[in-house]
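Trainee: Could you take a close look at one part of this structure with me? I would like to begin with a single residue and then see how the rest of the chain is laid out.

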Amino acid sequence: MNRKQPEWLDNAVFYEIYPQSFNDTNSDGIGDFQGIIEKLDYIKELGCNAIWINPCFDSPFGDAGYDVSDYYRAAPRYGTNEDLKRLFDEAHSRGMHVLLDLVPGHTSVEHKWFRESMKAEKNEYTDRYVWTDSIWEEPQGMGCIRGISDRDGSCAVNFFSHQPALNYGFYKPDRPWQQSMDDEGPKATLEELKNIMRFWLKMGCDGFRVDMAGSLVKHDDESKGTIKLWQNVREFLDREFPEAAMVSEWGEPDKSIQGGFHMDFLLHFGPSHYNDLFRCEEPYFSSRGKGSALEFVKKYIENYEKSDRKGLICIPSGNHDMYRLARSLSGDELKVAFAFLLSMPGAPFIYYGDEIGMRYVENLTSVEGGYGRTGSRSPMQWDKGVNAGFSTAPAEKLYIPLDSSDDRPDAESQIADEKSLRSEIKRLIAVRMRNEALQSCGEIEFISDGYPLVYKRKSDAQTITVIINPSAEKCTVEGVKGKIIYTVGGSAEIKDGSCFADGTTAVYIEE
Ligand code: NOJ
């Protein structure tokens with residue numbers, strides 16, 4: 001559990017790129033690798049030193065690329081494998097790192113493996129997916145695909161009904177068709193997963209964000225099988241790619257860290273209470289001051305303790321699966337929310353466009369399986385030019401329509417404005433970079449979980465008290481030592497051992 005993570009991860013600040021919507025350089029209305037390369041300087045200037053790119057492999061895009069049809073080939077709409085390699089090289093030459101999105105739990109129905117596994121005759125891929133041995137038997141507890149194969153059986157799905165579940169075995173098989181983790185089929189699937197990782201790591205990628213990492217071994221209530229599987233991957237990485245970073249979409253850091261991941265995402269669904277802070281009727285970060293961080297803090301501490309008090313939980317500003325932060329917060333509320341996000345343990349992840357407060361685009365027709373998520377995936381707003389600088393394609397050809405409001409935020413204007421959200425985030429990242437206690441591995445101790453939220457961050461040499469006061473009401477925090485090193489929103493001062501801070505303000509105090 002105390003294994004060292006790649007050094008660059010200790011102070012990584014990630015920028016998540018949804019490649020479809022980031023920057024289109026060939027005027028087809030959809031983003032591409034060259035577009036990302038051209039904006040690496042923008043990302044670096046913001047202060048981020050690492051990026052995570054959503055799946056960019058060949059796919060029919062029924063789930064925006066989370067339905068892979070060839071793990072070894074970049075999706076032609078973004079460019080070639082060589083272009084992706086160039087992206088890695090360009091990032092490295094700027095001291096930046098790149099995580100690809102690895103989808104190990106399922107493929108597209110169009111994957112060659114799946115087409116082969118649907119055949120009645122036994123072949124190399126017969127056991128690549130989770131199949132029952134009769135069309136009349138459905139895999140319990142999972143949806144399934146049935147009636148489209150020559151093979152007599154139903155195939156379990158892992159997410160949408162066009163995403164068949166890859167076969168890593170069952171923790172305790174109890175039906176004849178259920179295979180154990182040690183059977184040949186599951187073993188071959190795992191070896192293939194390692195081949196895929198090896199292929200991209202050799203090409204220069206720095207690691208993976210792993211999709212639904214906890215979903216691999218079936219009927220594995222306590223995740224013991226899935227942890228064992230990832231430990232096997234960990235041994236392979238330690239042997240061949242010890243510098244590769246592994247970040248899981250799992251939401252249970254005690255398990256994922258045991259499995260050998262370096263960091264785990266805090267999920268916006270399940271028991272994390274993440275949405276209490278940002279995305280509910282009365283979010284904690286609203287200046288109305290009617291929300292509550294209590295349950296979030298309770299759950300956070302529980303996970304933190306269970307994962308050995310390491311800074312391994314990543315709290316994203318948002319992602320391609322949830323409403324934009326700016327749907328429920330605005331103005332200084334957003335700045336204070338970022339003062340929190342950028343002073344928590346684990347690596348912060350900024351979702352493209354969140355740094356300028358891009359809005360959720362309401363009432364869009366679903367694109368590529370986005371449904372309600374589509375409004376958070378609209379084109380990046382670079383400037384006030386045609387199509388907000390995203391693409392020179394005709395507006396109707398854009399992957400997703402742009403936010404059509406006259407006052408939509410854009411990066412260029414915010415770079416020029418010292419008071420903008422982007423400028424504030426840039427300063428906050430710089431403060432984090434200068435102060436070790438605020439970085440990924442600094443310890444955290446919560447002092448108060450109401451309004452304001454108060455916590456201490458500690459490294460060997462430094463202690464910083466963070467006061468987060470989203471409410472419009474002023475606050476006083478007693479028993480404060482040290483000097484203020486940074487303030488966001490309003491102003492604050494320390495007098496006679498107490499800190500007095502304005503409403504909707506965050507303060508960092510160094511002891
Ligand atoms: C989680 C991804 O973030 C989401 O976008 C996707 O639809 C599912 N996993 C299925 O892969």
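Which residues does Ser256 touch, not counting residues up to four places away in sequence?

Mentor: Happy to. Please keep in mind that this is a predicted model. Leaving out residues up to four places away in sequence, Ser256 touches Ser248, Trp250, Phe261 and Asp264. Ser256 itself sits in helix α7, which covers residues 253-258. Its relative accessibility is 0%, and because buried means under 20%, Ser256 counts as buried.

Now let us step back to the whole chain. Of its 511 residues, 61% count as buried. The secondary structure comes to twelve helices and 20 strands. A compact globule with 511 residues would have a radius of gyration near 24 Å, so the 23 Å of this chain agrees with that expectation. Along the principal axes, the C-alpha atoms fill a box of roughly 80 × 50 × 45 Å. Among contacts with a separation of 6 or more, 66% join residues 24 or more positions apart. The accessible surface comes to about 19,700 Å², and carbon and sulfur atoms hold 47% of that area. As for charge, there are 59 positive and 83 negative side chains, with the centres of the two sets 2 Å apart.

The domain assignment helps to place our serine. Domain 1 is given as 7-104 + 187-433, domain 2 as 106-167 and domain 3 as 444-510, and Ser256 falls within the 187-433 segment of domain 1. The contact between domain 1 and domain 2 takes 23 residues from domain 1 and 20 residues from domain 2. Taken over C-alpha atoms, the centres of these two domains are separated by 30 Å.

A few backbone details are worth a look too. In domain 1, Tyr371 has a phi near 50°, a positive value in a residue other than glycine. Tyr371 belongs to the loop between β12 (349-351) and α11 (411-416), and its relative accessibility of 56% means that it counts as exposed. Thr504 also has a positive phi, about 45°, without being a glycine. Its loop runs between β19 (498-501) and β20 (505-510), and at 10% relative accessibility Thr504 counts as buried. Finally, the peptide bond from Tyr451 to Pro452 is cis, with omega near 0°, and Pro452 is in the loop between β13 (443-449) and β14 (453-458).

Methods
Residues are numbered from 1 along each chain as its sequence is written. This is a predicted model: local features need pLDDT of at least 70, side-chain atom pairs count only at pLDDT 80 or more; totals for chains, interfaces and linings use all residues. Side-chain values use heavy atoms; hydrogens and water are left out. Helices (H or I, at least four residues) and strands (E, at least two) are DSSP runs, numbered from the N terminus. The radius of gyration is taken over C-alpha atoms; the globule rule is 2.2 Å times the number of residues to the power 0.38. Buried means under 20% relative accessible area, exposed over 50%, partly exposed in between (1.4 Å probe, protein chains only). Contact means heavy atoms within 4.5 Å. Accessible areas come from the Shrake-Rupley method with a 1.4 Å probe; for residues, only the protein chains shown count as cover. Lys and Arg count as positive and Asp and Glu as negative; His and the chain ends are not counted. The place of a charge is taken as NZ of Lys, CZ of Arg, CG of Asp or CD of Glu. Domain bounds come from an automatic or database domain assignment.
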